[in-house]
Amino acid sequence: MKSPASASWKAPLKFRMPTAENLIPIRLDIEVDGQPYKDAFTWNPYDPDSEVVMFAKRTVKDLKLAPGFLPQIVQSIQSQLATFQSYEGQDMYVGDLIIPIKLDLQVNHTVIRDQFLWDLNNFDSDPEEFARTLCKDLGIEDPEVEPAIAFAIREQLYEIAIQNVTTARENRISKKGRRAAEHFTPSKASGAALDLMKLFSFRSSVVRKRKDWDYYKPVLDLLSNEDVDALKAKEERSGWEGKLVLCESI
């Protein structure tokens, strides 16, 4: 995948997703009267609130969900958007930072595991383009795998961006009067990324160095119907066991 040239940021930036499009990951995990609904997708935080309501209405109608899902879907999306907006305007220190991204996904019959390094300084990076290229290279035909990969990447980038805001805030408090960029204290995830920087000497959005291809290469498995059913049953058992423990504790 051809990556645009990265810009090196030494001064603090204002909080945003470190990608070309400022799309944020949204997760829904809702249950109404014993009926579960889970979904994951990206959202433009600058879309009007009316879009959230329209999306919820369309989802409830298309999936034939109970009417009680409508306000819960709206509330969950708005809450996650509010969290994102609470960080806007705050400083986010990036510096020379390359972070590890890991994929461990099951989408229908497809299981994909992969890990690679992502350049946080490249604000022209595109998780969706990377996902398209990866699926094409691996011959993945299920159309649901590509958005799942892009979402997993964005979710991890979002978490790191929030950590960098927290770190910048702590940095200002503990080191007043000194240049924060020179005394940047990385989080645990950032520390691991900085160690990996010593291993990978060149810069791009996604890094796979030839000598580490065996370690970093993607792993793809295709599950049978029986495998999918078994995993689904295991997940359902885990959910019921969790509810049982909660009821007993109450």
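A residue counts as buried here when its relative accessible area is under 20%, and as exposed when that figure is over 50%. Keep that cut-off in mind as we walk through this predicted model, starting with strand S6. Nine of the 10 residues of S6 (residues 110-119) are buried, so the strand is largely enclosed by the rest of the structure.

Who are the neighbours of S6? On one side there's strand S5 (residues 98-107), which runs antiparallel to S6 and is joined to it by 10 bridges. The two strands make a hairpin with two residues between them, and Asn108 in that turn has a positive phi of about 55 degrees. S6 also pairs with strand S8 (residues 219-222), again in the antiparallel sense, over four bridges. Ile112 is a handy landmark for both pairings: Leu105 stands opposite Ile112 of S6, and in S8 the bridge partner of Ile112 is Leu220.

Further along S6 come the aromatics. The structure holds 11 aromatic pairs. One of them is Phe116 with Trp118, a tilted pair with 6.4 Å centre to centre and 50 degrees between the planes. Both of these residues are buried. Phe116 also pairs with Phe130: the ring centres are 4.6 Å apart and the planes sit at 50 degrees, so this pair is tilted as well. Phe116 lies in S6 while Phe130 belongs to helix H3 (residues 127-138), so the pair ties together parts that are 14 residues apart in sequence. With a relative accessible area of 0%, Phe116 is buried, and Phe130, at 6%, is buried too.

Now over to helix H2 (residues 69-87). Its 19 residues reach 28 Å from the first C-alpha to the last, close to the 27 Å expected at 1.5 Å a residue. Which residues of H2 are buried? They are Phe69, Ile73, Val74, Ser76, Ile77, Leu81, Phe84 and Tyr87. These residues cover an arc of only 165 degrees around the axis, which puts them on the same side of H2. Pro71 and Gln75, on the other side of the helix, are exposed. What covers the buried residues includes strand S2 (24-32), strand S3 (35-43), helix H1 (49-62) and helix H4 (145-174). Two of the buried names turn up again in an aromatic cluster: Phe84 and Tyr87 join Phe15 and Tyr158 there. After H2 comes Gly89, with a positive phi near 85 degrees.

A positive phi on a glycine is one thing, but what about other residues? Most residues other than glycine have a negative phi. Against that background, have a look at Asp33, which is not a glycine yet has a positive phi of about 50 degrees. Asp33 lies in the loop between S2 and S3, and its 80% relative accessibility means that it counts as exposed. Lys64 is another non-glycine with a positive phi, this time about 55 degrees. You'll find Lys64 in the loop between H1 and H2, and at 69% relative accessibility Lys64 counts as exposed.

Finally, step back to the whole protein. Its secondary structure comes to seven helices and eight strands, and buried residues make up 39% of its 250 residues. Among contacts between residues at least 6 apart in sequence, 68% join residues at least 24 apart. As for the outside, the protein exposes about 14,600 Å², with carbon and sulfur atoms supplying 53% of it.

Technical notes:
Residues numbered from 1 in each chain as written. Predicted model: local features only at pLDDT ≥ 70, side-chain atom pairs only at ≥ 80, totals over all residues. Heavy atoms only, no water. Expected span 1.5 Å × (residues − 1). Buried < 20%, exposed > 50% of the residue type's maximum accessible area, 1.4 Å probe, protein only. Arc of directions from axis to C-beta. Contact = heavy atoms within 4.5 Å. Areas by Shrake-Rupley, 256 points an atom, 1.4 Å probe, with all protein chains shown as cover. Pairing = 2+ DSSP bridges. Phe/Tyr/Trp six-rings, centres within 6.5 Å; stacked < 30°, edge-to-face > 60°.
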